[in-house]
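User: I should like a close look at a single part of this protein, set in the context of the rest of the chain. Please consider the structure shown here.

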Amino acid sequence: MSTTPLDSATASGVHDVLVVGGGAMGSQIAMVCALAGRTVHLVDTEPASLVRAEGQLRARLASRVEKGRLRTEDRDAAFARLHLGTDLEAGAGRADLVIEAVVEKIDVKTELFARLDRITPERTILTSNSSSFVPSRLAAATRRPDRVCNLHFFNPALVMACVEVVPGEATSPATLETATAFTRELGKEPVLLSREINGFLANRILNAVRDEAVHLYEGGYASLEAIDLACRTALGHPQGPFELQDLTGLDIAWFTKTARYAETGDPADLPSTSLDARVAAGHLGRKTGRGWYQYAADGTKQPAPDPIDEPSTPVTGDRPR
Ligand SMILES: NC(=O)c1ccc[n+]([C@@H]2O[C@H](COP(=O)([O-])OP(=O)(O)OC[C@H]3O[C@@H](n4cnc5c(N)ncnc54)[C@H](O)[C@@H]3O)[C@@H](O)[C@H]2O)c1
């Protein structure tokens with residue numbers, strides 16, 4: 001039998017997708033699937049999240065249409081295939097594949113996986129977009145660990161090509177084949193891990209670069225600016241590690257390190273002294289006007305003094321919760 005373009009576009013057999021969690025990631029992942037011709041249910045417990053998701057997606061796609069990157073009829077068809085709602089059951093019954101993108105809390109995720117296991121057909125593949133939790137932890141909440149894996153998209157999901165495909169201990173080769181084929185059909189680049197590890201590939205490598213950058217800075221080997229400059233001009237990074245952390249938020253970096261420490265118990269995984277001091281002083285990066293750098297109203301920046309060297313700065317010891 002000859003393969004028509006339509007057949008090859010659905011070689012994975014995934015036609016109906018349920019995305020759970022309509023925040024920054026889930027909303028864009030749902031639209032990526034809808035643009036790729038899938039019927040998508042996007043479910044969130046908070047109606048306000050869905051209103052925000054739809055507004056943001058409409059604005060993003062309008063901009064693509066304006067720039068000539070997307071045809072109006074393709075945009076309209078994608079929105080017609082995207083169903084937003086708060087009822088998990090509504091999208092679960094026909095789902096070939098689920099992508100979970102709810103808050104990064106293990107209890108919330110395991111409870112959801114147990115429920116999805118009960119309400120989706122037996123054949124349905126359950127995946128998680130978690131940034132850190134390995135699929136085996138989520139698979140343990142289900143009776144189908146062979147049909148559970150992680151599909152880790154990057155932010156912004158509408159733009160970033162990489163999707164890490166992470167097998168758990170019991171994930172079957174057939175599940176991985178479907179997940180990988182589906183990722184390719186979305187126009188993304190699947191990056192398959194051989195076995196699971198917390199944090200996966202790209203973020204672990206990025207974190208290792210950040211840790212070394214902080215080590216060099218705290219050791220007095222170079223200034224923030226010199227380290228960022230070396231990463232940009234020698235390694236081709238679009239931003240240095242301190243510049244990037246100012247953009248993504250020092251509190252996020254602090255949470256990531258603290259979560260890793262909670263898992264490993266290795267003191268080397270604790271937030272560094274200089275990161276800890278900045279977070280305690282409320283210097284969280286661009287969003288507070290100061291992090292590793294200090295930002296002027298005209299957008300220029302200069303290295304901020306270390307709070308430890310500033311006796312007037314109240315280092316309260318309070319940390320984000
Ligand atoms: N933000 C990123 O850069 C990024 C990148 C890759 C992966 N991730 C991962 O993606 C997931 C979502 O992250 P995000 O940044 O989109 O979070 P977010 O806070 O923007 O959105 C989470 C959404 O989940 C909803 N939610 C919470 N519990 C729910 C439940 N039980 N059922 C349905 N909806 C529920 C919330 O109402 C919220 O709208 C997390 O696991 C995160 O680690 C985030």
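Which residue follows H13, and what is the sign of its phi? Please describe the helix itself as well, and then place it in relation to the domains, the ligand and the annotated positions.

Analyst: The model is a predicted one, and the description below should be read accordingly. The residue that follows H13 is Gly282, and its phi is positive, near 80 degrees.

The helix that precedes this glycine, H13, spans residues 273-280, and its buried residues are Leu275, Asp276, Arg278 and Val279. These four lie on the same side of H13, because the arc they cover around the axis is only 165 degrees. The buried residues of H13 pack against two other helices, H9 (202-218) and H12 (250-264).

Ser274 also belongs to H13, but its environment is described by another class. A residue needs 20 or more other C-beta atoms within 10 Å to be buried; Ser274 has 17 and is therefore partly exposed. Apart from neighbours within four places in sequence, Ser274 is in contact with Val214, Tyr217, Glu218 and Asp306. For one of these pairs a C-alpha separation is also available: Ser274 and Val214 are 60 residues apart along the chain, and their C-alpha atoms are separated by 8.0 Å.

Helix H9, one of the packing partners of H13, contains Val209. Val209 counts as partly exposed, because it has 17 C-beta neighbours inside 10 Å. Its C-alpha atom is 36 Å from that of Ser12, a residue 197 places away along the chain. Between strand E8 (189-192) and H9 there is a loop, and Phe200 is located in it. Phe200 has a positive phi, near 65 degrees, although it is not a glycine. Phe200 is buried, since 20 other C-beta atoms lie within 10 Å.

The wider setting is given by the domain assignment, which divides the protein into domain 1 (5-192) and domain 2 (202-309). The centres of the two domains, taken over C-alpha atoms, are 31 Å apart. UniProt, in an unreviewed entry, places the feature "domain: 3-hydroxyacyl-CoA dehydrogenase C-terminal" at residues 199-295. Over residues 199-295 the chain is 60% helix and 3% strand, with 31 Å between the end C-alpha atoms.

Turning to the ligand, 24 residues surround it, and those that come nearest are Gly21, Gly23, Met25, Ser49 and Asn155. Two elements give two or more residues to this shell, namely helix H2 (24-35) and helix H6 (106-119). H2 provides the largest share, three residues. By class, the shell comprises 11 nonpolar, 10 polar and three charged residues.

The unreviewed UniProt entry lists as "binding site" Gly21, Gly22, Gly23, Ala24, Met25, Gly26, Asp44, Glu104, Lys109, Ser131, Asn155 and Lys287. These positions extend over 267 residues of sequence and are also spread in space, with up to 28.6 Å between C-alpha atoms. Two of the listed residues can be examined within H2. Ala24 is found in this helix and counts as partly exposed, because it has 16 C-beta neighbours inside 10 Å. Gly26 is likewise found in H2, but with 24 C-beta neighbours inside 10 Å it counts as buried. Beyond its neighbours within four places in sequence, Gly26 is in contact with Val19, Val20, Gly21, Leu42 and Ala101.

The contact between Gly26 and Leu42 leads to strand E2 (residues 39-43), where Leu42 is found. Leu42 counts as buried, since 29 C-beta neighbours lie inside 10 Å. Besides Gly26, its contacts outside the four neighbouring places in sequence include Val19, Gly22, Ser27, Ala30, Ala53, Leu82 and Leu84. Leu42 and Glu100 are 58 residues apart along the chain, and 10.0 Å separates their C-alpha atoms.

Finally, Asn155, which is among the residues that come nearest to the ligand and is also in the UniProt "binding site" list, takes part in a cis peptide bond. The bond runs from Asn155 to Pro156 and has omega near 0 degrees. Pro156 lies in the loop between strand E6 (148-153) and strand E7 (162-167).

Conventions:
Residues numbered from 1 in each chain as written. Predicted model: local features only at pLDDT ≥ 70, side-chain atom pairs only at ≥ 80, totals over all residues. Near = placed C-beta within 6 Å. Nonpolar A, V, L, I, M, F, W, Y, C, P; charged D, E, K, R; others polar. UniProt positions renumbered as here; feature names shortened; annotations may be inferred. Domains from an automatic or database assignment. Buried ≥ 20, exposed ≤ 12 C-beta atoms within 10 Å, placed from the backbone. Arc of directions from axis to C-beta. Contact = placed C-beta atoms within 7 Å.
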